[in-house]
Amino acid sequence: MTTNDLLTLDHVSVRLGGREILQDVSFGIQAGQFTGLIGPNGAGKTTLLKVILGLQPVTSGAVLLDGSPRSPRDASIGYVPQKLGIEPDMPLRVKDVVSLGLDGHKFGLRLPSRARRELVSDMLTAVGAQRYADARIGELSGGEQQRVMIAHALISRPKLLLLDEPLANLDISSEQGIVSVLGRLARAERVAVLLSAHDMNPLMPVMDRIVYVAAGRVAVGDTDEVVQPEVLSRLYGQHVDVIRVHGRILVVAAPEGVDEAEAAAEDAGVIR
Amino acid sequence: MHYVFEPGFFASGPVHVALAVGTVVAITSAVVGVFTVTRGQSFAGHSLADIATTGGSGAFLVGVNQFWGYLAFGAGAAAFMEMIGIQRRRGRDVATGVVLGAALGLAALFLYLGTQYSTTTGASFTILFGSIFVLTPSTVPALIASALLALATVAALARVLLLTSLSPDIAAARGVPVRAVGAAFLMALAVSVALSAMIIGAVLSTALLIGPAATALRLAKSPVRAAITAAVLGVLAIWIGIVLAYDSFYWPPAGRGWPVSFFVVTLIVGGYLITYLRRDRQSAPQENVDAEQACSPA
């Protein structure tokens, strides 16, 4: 963890109703870095993102943004939530949604402006959503909505972009489309991206670092360092195998009977 | 011309007041209604209307203009709804089964007592189904001021309400006090319901609130256009309703005009049905194929 980290989580723990959701989580993210927040469903990924957003108070530890404690409400973080659940008759066109990314948190009315229209249009072009700028958000497919929400999150030029499972329920071509848009924008705009996913494989082309979450704990580093049977077995608290096949990585639980103590005894040295 | 506007229509004082107040109330209800439907709070609007019935009949019983009863009970109910969380399903169940039943029961009692102690036999009808031709002139400034206040509140909250409808989490992360905004909107909704109750009656007030808005949301894509469309539809329904109600004095049974609220509500429902019968321009978005399942244990 270096002092020039854009985002720092320092020994963060979250306990909810007596259950430990996150245990002693520490890691840092630097500007322009693409980090995958990988782990099975229920591991604590969404909670971790909500802690960073300030929506979930921590039981102990600290979240630092640019080296200082994050204020409860910080607009320098862009956020794309897991799913929208919007009705088709929601009176918001795609361009209205992106425009709300600039000033949707402000009170009062605003007048239309040419500069704003151009900004919105440029942003939609950047995410490849220009085609449906005039469609209602609720009428789009999941992948199209994700592109629009990425434009919504990025138009205010945040330093950090958080995405909660943006690839869930997408077909493979939409998935690749979203990943390449994010990889391109992260580099072009120097935005740090933290993206949660249960499958790391689609992210391989763009991911600089991995934060692997299991059972409320994290292992952080390069993919090759973290995605090792010893590291992940220790994280899960049970033996898991890592299988690399045709450039893809599969993490699978060992069948019943494999000695858990054996796995736990191995020390990889990269946890935390 | 004579067949549309019966003699005396343009000279009638009550008609002038009805047209002026009706227009302001229709615009307010329509604009508040667009946000109510967008936020999925039509049920809250309906609950407020039921409770306003109690307030209006109570006010009549103690000799106060029913508007103040609608307003006081509506505002109190809005605060209560915010407390029990009307947005949640359990909150709705409690509200429907317990609170609304009790409110309408009280309204029945108040109206019964009211007719016992008063010679004004039309009071029950006025409270339940409206009284646009018998508005007390002294309440007109209060009605218009309340309408402007509700409109100003919604205008001030417009962008924040839209962002919250899009995603409450995004709004909260960007520093929007989501709960306070929701409470302020419920208050504006309560005022709007009280106003609508004055025009077409407490029982029917949601029609003016939700009807034009729901129709507009089928026609217009952007929030501004939806609000304008809803306002135009609401105002048209009120104007045409007033003209027809005035004309109906000459319809059978002659000498007794038909209720304005009947015409207004029928026009609103008719408008909605016309947009409903029109086939959807675009088919529903296709669901995406589920992505490959996780390859992690757990």
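Mentor: A residue is buried if 20 or more other C-beta atoms, placed from the backbone, lie within 10 Å of its own. This is a predicted model, in which local features need pLDDT of at least 70, side-chain atom pairs need 80 or more, and totals for chains, interfaces and linings use all residues. Residues are numbered from 1 along each chain as its sequence is written, with chains lettered from A and ligands numbered from 1 in written order.

Trainee: What percentage of the residues in chain A is buried?

Mentor: Chain A is built of 8 helices and 12 strands (DSSP runs of at least four residues of H or I, and at least two of E, respectively). Of its 272 residues, the buried share is 46%.

Trainee: What is the radius of gyration of chain A?

Mentor: The C-alpha trace of chain A spans about 65 × 40 × 35 Å along its principal axes. For 272 residues the globule rule (2.2 Å times the number of residues to the power 0.38) gives 19 Å. The value for chain A is close to this, so the chain is as compact as a globular protein of that length, with a radius of gyration of 20 Å.

Trainee: Which helix gives the largest share of the side of chain B that touches chain A?

Mentor: In chain B, 42 residues are in contact (C-beta atoms within 7 Å) with 51 residues of chain A. Among the helices of chain B that each supply at least two residues of this side are α1 (13-38), α9 (205-219) and α10. By class, the side has 26 nonpolar, 9 polar and 7 charged residues. The largest share, 10 residues, comes from α6(B).

Trainee: At roughly what angle do α2 of chain A and α6(B) cross?

Mentor: A:Val97, A:Leu100 and A:Asp103 in α2(A) meet B:Arg159, B:Leu162, B:Leu163 and B:Leu166 in α6(B). These residues divide into 5 nonpolar, no polar and 2 charged. The axes of α2(A), residues 94-103, and α6(B) come within 10 Å (angles run from 0 to 180 degrees between N-to-C directions). They cross at roughly 115°.

Trainee: How many nonpolar residues does the contact of α10(B) with α11(B) have?

Mentor: The axes of α10(B), residues 223-247, and α11(B), residues 260-277, come within 8 Å and cross at roughly 140°. B:Leu233, B:Ile240 and B:Leu244 are among the α10(B) residues that meet α11(B), where B:Phe263, B:Leu267 and B:Gly271 are among the partners. By class, this contact has no charged residues and 2 polar ones, while the number of nonpolar residues is 12.

How values were computed:
Two residues are in contact if their C-beta atoms, placed from the backbone, lie within 7 Å. Ala, Val, Leu, Ile, Met, Phe, Trp, Tyr, Cys and Pro count as nonpolar, Asp, Glu, Lys and Arg as charged, and the others, Gly among them, as polar. A residue is buried if 20 or more other C-beta atoms lie within 10 Å of its own, exposed if 12 or fewer, and partly exposed in between; C-beta atoms are placed from the backbone.
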